[in-house]
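Q: Please take a close look at strand pairing in one small sheet, and then work outward from there. Keep it plain, and give the cut-offs behind the terms.

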Amino acid sequence: MTAQVTLKSGEKVKVNDHVYCSPPWSVRDGTPYSVARIMEFLPPEGAGKGKGKGKEIYTRVRLAWYYRPSDVSDRPVADSRLLLAAIYSEICDINQLRSRCHVLHRDKITDLAGWKKRPDRFYFNRLFDPYIKKEFDVIQATDVRNLPDNIRQVLISRYEYVVAEKDVVPDLTDTLRLCATCSEWCANPDTVGCDRCKNFFHMSCVQPPLLAKPSRGYGWTCAPCSKRHEEEVDKHDVRHPTPITKPKSNAPAPRGRGRPRKDRSLAEKEENVEIKYFKMWPFRYFGQYTVAEDTLDPDDLIFPRSATRVGPKYQAVVPTTLDVPSPSDPEQRGGDYTVEVLSAINTLTDEEIAEMEAWKVVLSRNQEKLHSVDWLTEALRRFSQAHLLNRGWSTVDMSVIPTRPEKWKKGETRHTDREWTADEVAAFEDGIFLYGAELRAVHDEIGTRSMAEVVRFYGHWKNSKLKEENAQIRAARLKAKDQGKDEMPSASAPVADQFSDDEGSIMLGLSKHNNSCGACRTRESENWWRAPKGLATDILCDTCGTNWRKYADLNFRTVREDALPPSKKGSDKREGTPLNGPSTKRVKTSTSASVNATPPPNAPMAPQLRCLACQKNGPVGKVLKCNQCQFRVHAASCGVHVDKSAIDSWMCDICQNEETLESSMHTDCLLCPRRKSKKKAQFANADSFLRASKPTEGQGWAHVLCAVFTPEISFSDVSQLRLVEGISTIPKQRWASKCTICGESSGAVIRCSDCVREYHSSCAWRKGHHFGFEIQPVRHPRRDGIITTFKGETGNMVPIVYCLEHENSRRELYDVCETDENGETALQVYCRIYKQAPITQAHALLRKARRLDQTLNIRTDGISSVDVSAEPALQCDKCSTQYSPAFYPSEHYSSRWRCHKCHFEHRNGVGAGHSPDDSLSPLDDTMDG
């Protein structure tokens, strides 16, 4: 009879059932439930099995884990029901089982859409190995056909699924391959296939034998086919071109989505389908590095494997040196000299141990040191040394030398870490608030401590926070006891009965008013759940709480800045993303977790500001706030570099210009339509990213958004995004086109990336259109322009703007404020590579003159000018100047030149009725005479 266990939710589970598993809320720190399969129930550790059937006491359970795709990869996956299998198990406390669920292979599900619509249903088709960090395909064992009958029958009788690399699956599912020479089965590693006759051969059966397979991209033909091909070539027969067809794959065909069929009996059959298990596992690895005959051995390892690292490619080949004499008396490893004795307490008698304990208490008056692991370890080492050297216990002193020598090290090592300063503790707590338990990022935030010191301090810091929480809880219980009140929920309460298995995940005692879900923003819910860190509020409604715990999925709604209380601002991550997201490593669960665990310590709240460009929160310094107009923006998205001492007094460019008066006081954007308003606000657009403006080369102003997303615009200094250039080069039709949002025809418009609509950048931003940057792949790097790499993607970085109607666009855009591993935003990277003006070729005035000259050439009958940088020795034959934006050839002599001023004075004088002789130089008059 199969053992069954009744969970706290009332469900009965047995071996090979799939369940949700999770430690208490305070331990898992807001992460979703884990999905696992029950492999076996275990008695308490150290206890024997109970006598008689049904009388066993089970307190532990062995679970085979499944991973969610977000656990092993940073790429978002839209399907919350997709899992990754794993050949990895752990023993957990049986109290961590929450409820039952169903997990099935994709090929065993007839109606996938209907399966995913039902609650607690998951599916998988791939396996992730946590040791070699690689994914494999999972296929049914019955689909494997390219194996000898004895091996195939053993494989099918033992296992339900086979795990293999994606490239190996077509070979496994092909028909049986036999050698054309010896008629024996052809194993894939030692087999070559002829590209013409499609026969297979052992590499040792061909003549001459092949030492290695052809390189990737090359084919191989057998001897008869090669000879036949040579004869066809010698006969000069006409060869018809071979049609290019898609290579046929023997992998199982993908199933179409289709319309879901409401067949309940079929769904129940699929839930109760029988799965074969061999030694508690339903699959084994049978891929590129598997020897087929080894699978007959029942003790063969089933885990995925990688290429061997044995051989001269990975190990150094040290030649034998006969001339060098070997040491006469080599030191024997493992002796007293080579082994460092850390403790010899096990050799002491009971009386000696009691005497040592008495001396240990008087070594320090600090009670915290007497309970410190590092201090106790060093004390026991020094007591052991005193005992081995036949010294008294009084010779041990822990107050003099804070370091100790170690074998095989030149210097001495501290037995305890040096005291942390207040600045280091503040930096550590800020890092914990920003990155959670990602201690590598916290270590980079501190900068003055080693990784080992950060890890040790994290353990002490967490214990101190738990100590404070426990003290508060005990004080509250004593106070309630004195007042005759019991603060523990009643056992008869319906909420406690319904959710008693979640151990502190339900928020009790909340009022019915002023509650808001941190995801969907609803204010009505029968029960409120604790929310993960990083949300707008710390509670979730019933629907969002269940979806997050079971499916790691939340339905977010945008949160307005004015709707957030000042104490509940989020973190630097995207809104709605948990601060401590699931990491690649699975959290190790404890087998002795308490049922009534305490809630997690409250992390210190660092001051946060919400950027008006991306609507994400960030720490002060990364997000700046104008001291005058209260405008808030990420510093990297505005080209701002501020010292830490000047963060509080920082002012935006427009407010700063009111004091310096370096640019025009009329701060309207030159690229936007000119709108007449009766009353002008004191701080225009202070609550929008459109407040971010930069001065132009003509002392005007342009929005940063308009300048970046207008292709003709460039910056003199992209590091500060200052001096906008190139407004005059925007085509005339772009100024004359009518905006589809505001209906005005003034201002420069841009076009939607997915349709033909044209609108102003500022109008599109106010309307809520999507702005971002896309990395487009490059086929020909030399021909397709400058390429860049951002967050692992390489290609051309292109600014993209598309309408709200294109919500289902497949474009993967990087937000304006999204940063890469170097801390640069997408806007910074794009401007640095594509928006820098050519300042090394000419100064600013000359660049402006050239752009104006292109416009003037259109109206002056195509008169061409000469590049000054190409002819630096040119001189005007009228005013003798050598400095001019452009020189023009004389109308009378090809070897003489006129400067820009003299050239147009001469032309205007002729057009106004003046005599041509009045505009000629004396030299021209002489030559004409």
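**A small sheet and what lies beyond it**

A: In β18, L540 is the bridge partner of W529. This is a predicted model, in which local features need pLDDT of at least 70 and side-chain atom pairs count only at pLDDT 80 or more, while totals for chains, interfaces and linings use all residues. Residues are numbered from 1 along each chain as its sequence is written, and side-chain values use heavy atoms, with hydrogens and water left out.

Strand β17 covers residues 528-530, and two bridges join β17 to β18 in antiparallel fashion. Strands here are DSSP runs of E with at least two residues, and helices are runs of H or I with at least four, both numbered from the N terminus. Two strands pair if DSSP finds at least two bridges between them. The open sheet to which these strands belong has three strands in the order β16-β17-β18, with antiparallel pairing. β16 (506-507) and β18 (539-540) are its edge strands, and each pairs on one side only.

The loop between β16 and β17 holds R521. Phi of R521 is near 70°, a positive value in a residue other than glycine. Is R521 buried or exposed? R521 counts as buried because its relative accessibility is 17%; buried means under 20% relative accessible area, exposed over 50%, and partly exposed in between, with a 1.4 Å probe and protein chains only.

Another antiparallel pair is made by β25 (residues 714-717) and β26 (residues 722-725), with three bridges between them. In that pair, S714 of β25 faces E725 in β26. β25 and β26 form a hairpin with four residues between them, and L721 in the turn has a positive phi of about 55°.

L721 also appears among the neighbours of K694. K694 is found in strand β23, and K694 is classed as buried because its relative accessible area is 2%. Setting aside neighbours within four places in sequence, the residues in contact with K694 (heavy atoms within 4.5 Å) are C638, G639, D653, G700, W701, A702, V704, Q720, L721, R722 and V724.

The loop between α16 and β23 (693-695) holds L661. Like R521, L661 is a residue other than glycine with a positive phi, here near 55°. L661 counts as exposed because its relative accessibility is 54%, whereas R521 counts as buried.

Next come the nonpolar cores. A nonpolar core is a set of buried Ala, Val, Leu, Ile, Met, Phe, Trp, Tyr and Cys residues joined through side-chain atoms within 4.5 Å. The largest one has 68 residues, of which F631, V708 and F773 touch the most other members. The elements that give two or more residues to this core are β21 (623-625), α16 (653-660), β24 (701-703), α17 (704-709), α19 (761-767), β29 (770-776), β31 (793-802) and α20 (826-834). α17 provides the largest share, six residues. Not counting residues up to four places away in sequence, F631 touches L612, L624, K625, C626, W650, C652, A686, S688, F689, R691 and A692. A second core, separate from this one, has 40 residues, including I151, Y159, Y161 and L172.

β29 and β31, which contribute to the largest core, also take part in an open sheet of three strands in the order β29-β31-β30, with antiparallel pairing. The edges are β29 and β30 (788-790); each has a single partner strand, so one side of each is left without a neighbour in the sheet. From one strand to the next the twist averages 50°; angles run from 0 to 180 degrees between N-to-C directions, and axes are lines fitted to C-alpha atoms, for helices over the stretch in contact. Three bridges hold the antiparallel pair β30 and β31, and T789 stands opposite T794 in β31. Helix α20 lies across β29, β30 and β31, running at about 105° to β31.

Two further features complete the tour. Helix α11 (residues 422-435) and helix α12 (residues 439-446) have axes that come within 9 Å and cross at roughly 140°. On α11 the contact is made by A427, F428, G431, I432 and Y435, and on α12 by L439, A441, V442, E445 and I446. Finally, the peptide bond from Q207 to P208 is cis, with omega near -5°. P208 sits in the loop between β12 (200-202) and α6 (223-234).
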